[in-house]
Amino acid sequence: MKHIITRKEDLNSGDYVMDVIAPEVAKKFQPGNFAVLLTIPNGERIPMSIERAEGDKITMYIKRLGKTSRELDSWKVGDSFHKIIGPMGTAPTLKEFGTVVFASDLVCGHAENSAMCRELKKIGNNHVISIQSFPTKDDVYPEKELSKEYCDEFILATEDGSVGKKGHYLDIIKDLLEERKIDQVFAGGGIPPLQKLSELTKKYNVPVMTTVRQIMVDATGMCGSCRVFVGGEQKLACIDGPMFDGQKVDWESAISRLAMFKTKEAEAMECYNKEIKELK
Ligand SMILES: Cc1cc2nc3c(=O)[nH]c(=O)nc-3n(C[C@H](O)[C@H](O)[C@H](O)COP(=O)(O)OP(=O)(O)OC[C@H]3O[C@@H](n4cnc5c(N)ncnc54)[C@H](O)[C@@H]3O)c2cc1C
Ligand code: FES
């Protein structure tokens, strides 16, 4: 099976969207699952959230960060991945919650936001509120890539207030928790805000499920690199997650584990930049 790219567009100056043929992943996908991408045989295994699965295709939002995500950015429609594996992880149980909020502030969270809101809307009488926050108006995704059409209320926020409400999703949720009865919160994106959100929701006694992105090496439960402590128990983000009860996550250890490969990542980026320079 060739995992061919059928669409690749910029979402803003840092993120891009890709549709890729991956029928086995698309068929079994549930919101909250992720895929593992291999650009070349025996290459790095890149975990990536799935924004949607339609027919034989999956959609992913990707941030240009280090070596692989920048290399991938030079790929075009028609190019193909060596392998796409998945769906991976354990999808959270979605049911009739009542008023449910999904908040996101970063590429992976925005992908999960649309996937989850779309599904939550289909279940019972859920009233779905989506909050997507971006640093400034130039970072906001094109309208068709926002979760606007999959929820009952959509709140766009920018940290500088250049469009939508002023502030981060944390500010918006704080106001919502003060003003209304919220039954469940889900969130994905940057890790430090997820820790703050978990503390905030605890104060209001509202449950929260958060995506705990950890560095994944094999993403099959064998290497232990994606260890997370939840309620004192050791869990593996690639098998048991990546969504966990945020109020039980040991965020300090999760944050410190994220820095584990910083030197190797910087070395890989340096080599890549050198290769690009030599090619020019
Ligand atoms: C469950 C899950 C879902 C994800 N969803 C998305 C998504 O939807 N969009 C997106 O752009 N990124 C997503 N990521 C992160 C993505 O895997 C990394 O950004 C990517 O691997 C970066 O690789 P790189 O070579 O470009 O950068 P590198 O220089 O290798 O890394 C840059 C940063 O990316 C993160 N990262 C790198 N490798 C991994 C890894 N193997 N596992 C987890 N994080 C890593 C680390 O924070 C690292 O500091 C997700 C990660 C996980 C675990
Ligand atoms: S990535 Fe190896 S156990 Fe999860």
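A polar contact is a pair of N or O atoms within 3.5 Å. With that cut-off in hand, look at ligand 1 in this predicted model. An oxygen atom of ligand 1 sits 3.0 Å from a polar backbone atom of G66. That distance is within 3.5 Å, so the pair is a polar contact.

**The ligand and its shell**

Two further backbone contacts are listed here. P47 offers a polar backbone atom 2.7 Å from an oxygen atom of ligand 1. Y61 places a backbone N or O atom 2.8 Å from a nitrogen atom of the ligand.

How much of ligand 1 does the protein bury? On its own, ligand 1 exposes 840 Å², and the protein buries 91% of that. Several elements give two or more residues to the shell: strand 4 (45-49), strand 6 (57-63), helix 2 (67-73), helix 3 (107-122) and helix 7 (262-279). Strand 4 gives the most, with 5 residues.

There are 24 residues around ligand 1. P47, Y61, K63, S69 and M216 come nearest. By type, the shell holds 12 nonpolar, 5 polar and 7 charged residues.

**Aromatic rings**

Now turn to the rings. The count comes to 5 aromatic pairs. One of them joins W75 and F81. Their ring centres are 5.1 Å apart, with 55° between the planes, and the pair is tilted. Both partners can be checked against the cut-off for burial, which is under 20% relative accessible area. W75 has 17%, so W75 is buried. F81 has 3%, so F81 is buried too.

A second pair joins F97 and F186. The ring centres lie 5.6 Å apart. The planes meet at 70°, so this pair is edge-to-face. F97 lies in the loop between strand 8 (83-88) and strand 9 (99-104), while F186 belongs to strand 13 (residues 184-188). The pair therefore ties together parts that are 89 residues apart in sequence. F97 and F186 are both buried.

Y61 returns here. Together with F134 and Y141, Y61 forms one aromatic cluster. Y61 is also among the residues that come nearest to ligand 1.

Charged side chains meet rings as well. K8 lies over the face of Y16, 4.9 Å from the ring centre. R118 lies over the face of Y150, at 4.2 Å from the ring centre.

**Backbone features**

The table gathers two cis peptide bonds and two positive phi angles.

| Residues | Feature | Angle | Place |
|---|---|---|---|
| G86 and P87 | cis peptide bond | omega about 0° | P87 in strand 8 |
| G241 and P242 | cis peptide bond | omega near 10° | P242 in the loop between strand 16 (233-236) and strand 17 (243-245) |
| N42 | positive phi | phi near 60° | loop between strand 3 (34-38) and strand 4 |
| N205 | positive phi | phi about 60° | loop between helix 5 (191-203) and strand 14 (208-211) |

N42 is not a glycine. Neither is N205. Are these two residues buried or exposed? Exposed means over 50% relative accessible area. N42 has 79%, so N42 counts as exposed. N205 has 69%, so N205 counts as exposed.

**One loop residue**

D160 lies in the loop between strand 11 (153-158) and strand 12 (165-166). At 41% relative accessibility, D160 counts as partly exposed. D160 and D79 are 81 residues apart along the chain, and their C-alpha atoms are separated by 38 Å.

Terms used: Residues are numbered from 1 along each chain as its sequence is written. Chains are lettered from A and ligands numbered from 1 in the order in which they are written. This is a predicted model: local features need pLDDT of at least 70, side-chain atom pairs count only at pLDDT 80 or more; totals for chains, interfaces and linings use all residues. Side-chain values use heavy atoms; hydrogens and water are left out. A residue is near a molecule or strand if one of its heavy atoms lies within 4 Å of it. A polar contact is a pair of N or O atoms within 3.5 Å; within protein, one must be able to donate a hydrogen and the other to accept it, and residues adjacent in sequence count only if both atoms are side-chain atoms. Accessible areas come from the Shrake-Rupley method with a 1.4 Å probe; for residues, only the protein chains shown count as cover. Helices (H or I, at least four residues) and strands (E, at least two) are DSSP runs, numbered from the N terminus. Ala, Val, Leu, Ile, Met, Phe, Trp, Tyr, Cys and Pro count as nonpolar, Asp, Glu, Lys and Arg as charged, and the others, Gly among them, as polar. Rings of Phe, Tyr and Trp (its six-membered ring) pair if their centres lie within 6.5 Å; planes under 30 degrees apart count as stacked, over 60 as edge-to-face and the rest as tilted. Buried means under 20% relative accessible area, exposed over 50%, partly exposed in between (1.4 Å probe, protein chains only). A charge sits over a ring if NZ of Lys or CZ of Arg is within 6 Å of the ring centre and within 35 degrees of the ring normal.
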